[in-house]
Amino acid sequence: MNATPEDILRPFRERLEALDGQLAELVAARLAICCEVADVKRANGIPMMQPQRVTSVREAYAARGERLNLSPEFMRSLATLLIDEACRLEDEIIDAPASATTVEARR
């Protein structure tokens, strides 16, 4: 009996699914830290947008990409997606009423 394309690809798809789960968990952990940063920014009157940090993170991602033989532009794009979501969350937290600004209040 000949293996179907589904049979042939199943082990690869299972490995990809496992990695996708890990990636989602890492992104969630990263964004949780960004929420903590937003609390600190709000408490200390620090502006949400830190342009030099945005540039630094994008370029760090590009450099990691080069070291890992990944497209630096792809890695910059990935960093941009993460930064955009972090900024959205930070805006929500910084602009929220005082009673809803702590990490504990959001849980």
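A helix, as the word is used here, is a DSSP run of H or I that is at least four residues long, and helices are numbered from the N terminus. The model on screen is predicted.

**Stop 1: helix 1**

Please select residues 5–44, which form helix 1. At 1.5 Å a residue, the 40 residues of this helix should span 58 Å, and its end C-alpha atoms are 57 Å apart, which agrees. Next, centre the view on Pro11, where helix 1 has a kink of about 35°.

Colour the buried residues of helix 1: Leu31, Cys34, Cys35, Ala38, Asp39 and Lys41. Keep this selection, as several of these residues return at a later stop.

**Stop 2: Lys41**

Remain in helix 1 and select Lys41. Is this residue buried or exposed? Lys41 has a relative accessible area of 10%, and the cut-off for buried is under 20%, so Lys41 counts as buried. Display its surroundings as well: leaving aside residues up to four places away in sequence, Lys41 touches Ile46, Pro47, Met48, Gln50, Glu90 and Ile94.

**Stop 3: the loop after helix 1**

Move just past the end of helix 1 to Gly45, which takes a positive phi of about 65°. Then select Ile46, in the loop between helix 1 and helix 2. Ile46 is partly exposed, with a relative accessible area of 35%. For a distance check, pick the C-alpha atoms of Ile46 and Pro97: they are separated by 17 Å, and the two residues are 51 residues apart along the chain.

**Stop 4: helix 2 and the loop that follows**

Select residues 51–67 for helix 2. Within helix 2, find Gln52. Gln52 is exposed, its relative accessible area being 54%. From Gln52 to Glu85 the distance is 17 Å, C-alpha to C-alpha, with their positions 33 residues apart in sequence.

Proceed to Asn69, in the loop between helix 2 and helix 3. What is the phi of Asn69, which is not a glycine? Asn69 has a positive phi of about 60°. Asn69 is exposed, with a relative accessible area of 72%.

**Stop 5: helix 3**

Select residues 72–95, which make up helix 3. Helix 3 has 24 residues and reaches 34 Å from its first C-alpha to its last, close to the 34 Å expected at 1.5 Å a residue. Colour its buried residues: Met75, Ala79, Leu82, Ile83, Ala86, Cys87, Leu89, Glu90 and Ile93.

Now isolate Cys87 in helix 3. Its relative accessibility is 15%, and Cys87 therefore counts as buried. Apart from residues up to four places away in sequence, Cys87 touches Met48 and Met49. Add Cys35 to the selection: the C-alpha atoms of Cys87 and Cys35 are separated by 9.5 Å, although the two are 52 residues apart along the chain.

**Stop 6: how helix 3 packs**

Two packed helices are described by the angle between their axes and the distance between the axes.

Show helix 2 and helix 3 together. Their axes come within 7 Å and cross at roughly 140°. Helix 2 and helix 3 are therefore oblique to each other, and helix 2 passes helix 3 in a right-handed crossing. To view the contact, display side chains on both helices: from helix 2, Val54, Val57, Arg58, Glu59, Tyr61, Ala62, Gly65 and Glu66 meet Pro72, Met75, Arg76, Leu78, Ala79, Thr80, Leu82 and Ile83 of helix 3.

Finally, replace helix 2 with helix 1. The axes of helix 1 and helix 3 come within 9 Å and cross at roughly 40°. Helix 1 and helix 3 are therefore oblique to each other, and helix 1 passes helix 3 in a right-handed crossing. On the helix 1 side, select Val27, Arg30, Leu31, Cys34, Cys35, Val37, Ala38, Asp39, Lys41 and Arg42. These meet Leu82, Glu85, Ala86, Leu89, Glu90, Ile93, Ile94 and Asp95 in helix 3.

Key. Residues numbered from 1 in each chain as written. Predicted model: local features only at pLDDT ≥ 70, side-chain atom pairs only at ≥ 80, totals over all residues. Heavy atoms only, no water. Helix = DSSP H or I, 4+ residues; strand = E, 2+ residues; numbered from the N terminus. Expected span 1.5 Å × (residues − 1). Bend = angle between axes of the 7 residues up to and from the residue. Buried < 20%, exposed > 50% of the residue type's maximum accessible area, 1.4 Å probe, protein only. Axes fitted to C-alpha atoms, helices over the stretch in contact; angles between N-to-C directions. Parallel < 35°, antiparallel > 145°, perpendicular 65-115°, else oblique. Left-handed = near helix turned anticlockwise from the far one by under 90°. Contact = heavy atoms within 4.5 Å.
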